[in-house]
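Trainee: Let's go through this one together. I'd like you to back up each label as we go.

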Amino acid sequence: LHGLFFIPNKNDMFIWMSQRDGFNHLYLYNTEGKLIKQLTKGKWIVKEIEGFDAKGNKVFISATKDSPLDNDIYEVDLNNGNIKSITLIKGNHNVIFDKSCKNIIDVYSNVENAYVADIISVTGKKIKNIIEDKNPLKDYNLGEMRIFTLKAEDGNDLYCRLIKPVNFDSTKKYPVIIYVYGGPHAQLITNSWLGGAGLWLNYLAQEGYIVFTLDNRGSANRGFEFESVIHRNLGKYELNDQMVGVNYLKSLSYVDPNRIAVDGWSFGGFMSISMKLKNPGVFKVATAGGPVIDWKWYEVMYGERYMDTPEQNPDGYKNACLLNYIDKLEGKLLVIHGGVDNTVVPQHSLSFLKKCIEKGKQVDFFLYPTHEHNVRGVARHHLFRKLFDYYKQNL
């Protein structure tokens with residue numbers, strides 16, 4: 001996943017990145033293939049090598065050392081292994097080093113700042129601010145957002161984000177919309193602007209919904225064990241974790257347990273339908289865009305990476321195939337698909353509709369004829385309006 005990085009002025013030494021100890025870290029090797037030492041270690045991950053100092057004594061990395069919600073920049077001393085934080089304001093940072101690796105353009109956001117671009121030194125000293133857009137939504141009425149953790153069945157922390165409705169009244173009962181993705185290489189909850197939620201989810205909160213998201217096991221930036229537990233069993237442990245979130249929501253006095261919806265796209269569409277079918281009576285409404293219905297029809301480079309082949313893992317494919325649970329369908333379900341989707345091909349949704357007809361189950365369906373795996377442009381507004389109207393009518 002990463003190339004090797006030669007040390008400046010030391011052509012016989014390089015850094016190799018590996019998650020062999022369970023977390024992605026740096027290892028110093030010589031060109032004879034001998035491991036000199038492990039440079040970083042701990043229950044956190046190195047995301048990228050950002051650069052070296054001119055003498056080749058220090059390497060600069062982006063990492064989650066202080067929190068899996070952050071992407072901060074650190075200096076690692078190659079001689080003694082000391083690690084020092086360069087970005088003193090926590091958040092999600094993207095950096096560009098100058099050629100001398102003495103100064104950095106640091107672009108970041110966090111839950112307090114929408115967009116900041118500073119020039120800083122490698123000591124962390126701020127030299128100059130370029131752009132600061134603290135809160136472009138200061139004139140809008142937003143619901144209160146908080147980030148917190150719940151415990152998975154194996155004791156792992158599951159990060160959650162909850163946005164309360166505008167003008168929240170704790171004596172009232174509110175409907176809930178759960179936004180889910182749940183698949184590998186994605187992290188929905190971060191210490192970034194709006195907690196990673198974006199404007200659409202905040203609009204739903206503005207319209208009177210509690211909006212909830214949970215990053216289940218299998219999601220990114222938490223280490224090999226947390227991420228790989230889903231291998232060969234897509235839709236099992238992710239679902240268990242999402243239901244931890246649902247049970248938490250149902251315990252809140254201001255949640256209406258009879259008006260809970262779930263929404264997701266792609267892997268999130270697979271999760272949305274899975275949650276609906278495997279937990280009858282829990283979700284009044286589900287909406288799913290571009291959903292994977294049967295993993296044997298998904299692209300090989302992804303599907304076989306996480307599920308192996310259907311011949312190697314027949315039980316995993318059977319348990320994950322949503323066609324096998326249509327008998328349990330009740331309530332309202334809206335399936336949306338791009339007519340020329342070449343990632344999750346339309347055969348997925350069409351097979352689901354066919355099985356629903358055979359089983360006498362009613363389901364709502366909408367097709368965006370000219371769109372691939374996502375809905376963009378003016379049609380995206382149409383999509384959001386369709387979802388909003390569906391919730392308004394049925395939730």
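Mentor: Start with the naming: helices (H or I, at least four residues) and strands (E, at least two) are DSSP runs, numbered from the N terminus. Strand S12, for instance, covers residues 126–133 and contains Ile130. This is a predicted model, so local features need pLDDT of at least 70 and side-chain atom pairs count only at pLDDT 80 or more, while totals for chains, interfaces and linings use all residues. Residues are numbered from 1 along each chain as its sequence is written, and side-chain values use heavy atoms, with hydrogens and water left out.

Trainee: Why is Ile130 called partly exposed?

Mentor: Buried means under 20% relative accessible area and exposed means over 50%, with partly exposed in between (1.4 Å probe, protein chains only). Ile130 has 44%, so the middle label applies.

Trainee: Which residues form the nonpolar patch on the surface?

Mentor: Ile130 is one of them, along with Ile96, Ile105, Tyr115 and Ile131, and together they have about 440 Å² of accessible area. That area comes from the Shrake-Rupley method with a 1.4 Å probe, and for residues only the protein chains shown count as cover. A patch takes residues with over 30% relative accessible area and no salt bridge; nonpolar side chains (Val, Leu, Ile, Met, Phe, Trp, Tyr) are joined within 5 Å, like charges within 9 Å. Ile130, at 44%, clears the 30% bar.

Trainee: What makes Lys90 and Asp72 a salt bridge?

Mentor: The rule asks for a side-chain nitrogen of Lys or Arg within 4 Å of a carboxyl oxygen of Asp or Glu. Lys90 and Asp72 have an N to O distance of 3.6 Å, so they pass. The pair links distant parts of the chain, 18 residues apart: Lys90 sits in the loop between strands S8 (83–85) and S9 (92–97), Asp72 in strand S7 (72–77). Asp72 is buried at 0%, whereas Lys90 is partly exposed at 28%.

Trainee: How many salt bridges does the count come to by this rule?

Mentor: It comes to 17. Glu330 and Lys276 make one at 4.0 Å, N to O. Glu330 lies in the loop between helix H6 (314–320) and strand S19 (332–338) and Lys276 in helix H4, so this pair ties together parts 54 residues apart in sequence. Lys276 has a relative accessible area of 1%, hence buried, while Glu330, at 32%, is partly exposed.

Trainee: What separates Lys355 and Glu358 in helix H7?

Mentor: About one helical turn, because they are three residues apart in H7 (residues 347–359). Their salt bridge is 3.7 Å, N to O. Elsewhere, salt bridges that share partners join Glu153, Asp154, Arg217 and Asp241 into one network.

Trainee: How do you know that H3 and H4 are roughly perpendicular?

Mentor: The axes of H3 (residues 237–250) and H4 (residues 267–278) cross at roughly 70° and come within 11 Å. Angles of 65 to 115 degrees count as roughly perpendicular, under 35 as roughly parallel, over 145 as roughly antiparallel and the rest as oblique, so H3 and H4 get the perpendicular label.

Trainee: Why is Ser266 called buried?

Mentor: Its relative accessible area is 10%, and the cut-off is under 20%. Ser266 sits in the loop between strand S17 (255–265) and H4, with a positive phi of about 65° although it is not a glycine.

Notes:
Axes are lines fitted to C-alpha atoms, for helices over the stretch in contact, and angles run from 0 to 180 degrees between N-to-C directions.
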